[in-house]
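Please look over the sequence and the model shown here before reading the report.

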Number of protein chains: 2
Amino acid sequence: MKLPQGFRFAGVSAGIKSRQGALDVTLIVSDSDCTAAGVYTTNQVVAAPVVLSRSRTPNERFRGIVVNSGNANACTGSRGMNDAIEMGKIAAKAVSAANPTQTAASEDQWIVMSTGIIGRFLPMDKVARGIEAAAKELATGEQAYLNAADGILTTDIARKIGDREVVLPSGKKVSIVGMAKGAGMIGPKMATMLGCLITDAALSAIQAQRLLQQAANRSFNCISVEGHTSTNDSLVLLASRPTEASPALSQEDERTFAIALTEICIEIAKKIPDDGEGATHLIEIDIDGASNDADADKIARSVAMSNLVKTAITGGDPNWGRIVSAVGYAGVPIRPDVLSLHLNGIHLFDKGEPLPFSAAEVSSSIKSRKLTKIDLLVGYGAGKATHWTTDLNTEYVRFNSEYTT
Amino acid sequence: MKLPQGFRFAGVSAGIKSRQGALDVTLIVSDSDCTAAGVYTTNQVVAAPVVLSRSRTPNERFRGIVVNSGNANACTGSRGMNDAIEMGKIAAKAVSAANPTQTAASEDQWIVMSTGIIGRFLPMDKVARGIEAAAKELATGEQAYLNAADGILTTDIARKIGDREVVLPSGKKVSIVGMAKGAGMIGPKMATMLGCLITDAALSAIQAQRLLQQAANRSFNCISVEGHTSTNDSLVLLASRPTEASPALSQEDERTFAIALTEICIEIAKKIPDDGEGATHLIEIDIDGASNDADADKIARSVAMSNLVKTAITGGDPNWGRIVSAVGYAGVPIRPDVLSLHLNGIHLFDKGEPLPFSAAEVSSSIKSRKLTKIDLLVGYGAGKATHWTTDLNTEYVRFNSEYTT
């Protein structure tokens, strides 16, 4: 793995999470001013750090990202907003103190992220000590990067990272690395979605914002565990700042970069439902033939959100009527007389008519694989979409019904 | 209970359900032509009997309803449509043969309903024998009515009926009785929603359709188990046909009748989530202060659909952040600075700020009651809505993951 040049990483344990020694404060810092772009939750009930970070991006005079896990700083009113601002202040001071040879960072050069339980005030003494410790540990090596990736996790079982080295048409070589967290959308088990992408490609703020939004629409906006949009979802991209010596990517280079960025986003995003609370199956839903991509997206989402589809996959039940009926209530036009379904490649429903099939064969194909593939043709249009979700099993319910607050 | 005059009922076992002796064919017949209105699923993938019945209502020359449970006759193509038409034919012939003194019924005077597994062809020999047996058993007594109500059930544990005698302003006395089925929305466990209302109030077709739609919007359209809209949902109203001797209800009588009809619909509709697959809690969600009723409805639905809200109630977890965040992503404007939440009467969140509360008190109030009440104030508007749903527990998941097809 080649980490992007000019960025340093740290993840430390500050005692915000109850589990002893769990990493819960992450710092990602650019050695000099960098570009930052962000996309955030569409929930109208928005956590303080999201309000703050959203107001600061996109921007070409950034220094980094400061994250705590274990507490979402959401629904915490004006005190919560003060705490989020304070996290940036502490980061600026600590990073500047630990790196006296670099340009001092200022308090508004930080994306602030929090993830964890909603409705509790941040333990600011622990947060401050954590940020100060992280500033002293900032490093460029792989271990520092992995610590940073671990410091943002909550209910996650698996670390969620990805990386690419890309040779651009102009001959430039750039690196992209990313990390994300998330296993359920929100909750007392502390699992809102966060993602950070870091690249040494030189991008203008507008360029970074556009590329991130495009990549998010094909990746992080196409995954779900149970569809509960959190108060804290944030996905940010840090990139090198364009300079005279290293100007922003050309249009041609940008196209190649965009493909790599989307690929890495999809790779990391899929790890979230794959690690969904209690999940035993990753479900991929491919829609083709919708009127347009937006309609295809709605249909994929309708299937992905159906508890009945998800429980059927859990049980290896070839009960395809649940899938077909979820297409029908997606709220966009479909052609029932064209509607066709393949499940793990087996043709079950063709142009509105049921096909004979071996229930045992379909069931064993679901049970024997981690990935379940649902392919739906819904009309004659050119609209396509792919979504990823989890099955729904008793483990998810048990996990989320536990008395935890 | 006073059954409406001029209607007869029957429910018999025809062997369509696998459980020996389970009632699975229901007939509800008017002795002479009656009025019928219907509201049906909004799913674009629609079962054959829904397509057929929808084309026949509203109408003032109806004779009755013929229902089979155990098989939904959905996603069955052109053969399924022929089978649905055939059910009306068989009913007309059997009822006319069993009642030679009455005007013969014709094949298009029937609402046809099917509920059960999707994607299988009806066993028409069993269906025919069942309808013929039911026609011979048609009766006016309470036992016949209860058999009819049981004959439409599938995964339901509890029978879902309700009745009212109403004295109208004009002095007329009328009866309304109703029955419904449903415990999950669709599936191999055979549980699409059906409802039948029968009254001896004289209603024109247009009047019946309007009253039924209004009542459905406040009752059957405000319940959910998991939100999977079925291919077969049907709610129908049979009423006496207006005649010279007994004209259609006056405006004043209609207002009184409408209130009673809505009340009985709410009473029966609430029994569906109350009997939701595996449910241990009925959850009532009251929204106030939205811009309008339609917006309030969307917010209530968003909370009702959240697996995280539902699992929190299952566990008696006072994790109110899940409720507040579900309000925020409902897709309609809310006022985060006004947003307030009471759970079982306990004030937890006030105008965007968290309140101190006893977690043990809230938890024990959830655990000690079947009904959980969620009251949300979302702004300064006049929009209100009430929805009813179930909790989500491991029993639901186990039930719906079983290999059944």
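The report turns to the relation between the chains, then to selected helices and strands of chain B.

The model is a predicted one. Chain A is superposed on chain B by a rotation of 180 degrees with 0.0 Å of shift along its axis, at an RMSD of 0.1 Å, and the two copies are thus related as by a two-fold rotation axis. In chain A, the C-alpha nearest that axis belongs to Thr394(A), 2.3 Å from it. Because 100% of the interface residues of chain A are also interface residues in chain B, the copies meet through the same surface.

Within chain B, helix H3 (residues 124-137) has 14 residues, which at 1.5 Å a residue should span 20 Å, and its end C-alpha atoms, 20 Å apart, agree with this. The buried residues of H3(B) are Met124(B), Val127(B), Ala128(B), Gly130(B), Ile131(B), Ala134(B) and Ala135(B); they cover an arc of only 165 degrees around the axis, which puts them on the same side of H3(B). On the other side of H3(B), Arg129(B) and Lys136(B) are exposed. The buried residues of H3(B) pack against strand E1 (7-12), strand E2 (25-40), strand E3 (59-71) and helix H2 (77-98) of chain B.

Of these partners, E1(B) has 6 of its 6 residues buried, so this strand is largely enclosed by the rest of the structure. Both of its faces are covered, with Phe7(B), Phe9(B) and Gly11(B) buried on one side and Arg8(B), Ala10(B) and Val12(B) buried on the other. In a regular strand, side chains alternate between the two faces of the sheet.

Two strand pairs of chain B are set side by side below.

| Strand pair | Bridges | Direction |
|---|---|---|
| E1(B) and E2(B) | 6 bridges | antiparallel |
| E9(B) and E13(B) | 7 bridges | parallel |

In E2(B), Leu27(B) is the bridge partner of Ala10(B), while Asp288(B) stands opposite Leu377(B) in E13(B).

An open sheet of 6 strands in chain B follows the order E12-E11-E10-E13-E9-E14, with mixed pairing. Strand E12 (353-354) and strand E14 (383-390) of chain B stand at its edges, each with a single partner strand, so one side of each is left without a neighbour in the sheet. Helix H10 (residues 359-367) of chain B lies across strand E10 (340-343), strand E11 (346-350) and E13 of chain B, and runs at about 120 degrees to E11(B).

Methods: Residues numbered from 1 in each chain as written. Chains lettered and ligands numbered in written order. Predicted model: local features only at pLDDT ≥ 70, side-chain atom pairs only at ≥ 80, totals over all residues. Heavy atoms only, no water. Helix = DSSP H or I, 4+ residues; strand = E, 2+ residues; numbered from the N terminus. Expected span 1.5 Å × (residues − 1). Buried < 20%, exposed > 50% of the residue type's maximum accessible area, 1.4 Å probe, protein only. Arc of directions from axis to C-beta. Contact = heavy atoms within 4.5 Å. Least-squares fit on C-alpha atoms with pLDDT ≥ 70 in both. Pairing = 2+ DSSP bridges. Axes fitted to C-alpha atoms, helices over the stretch in contact; angles between N-to-C directions.
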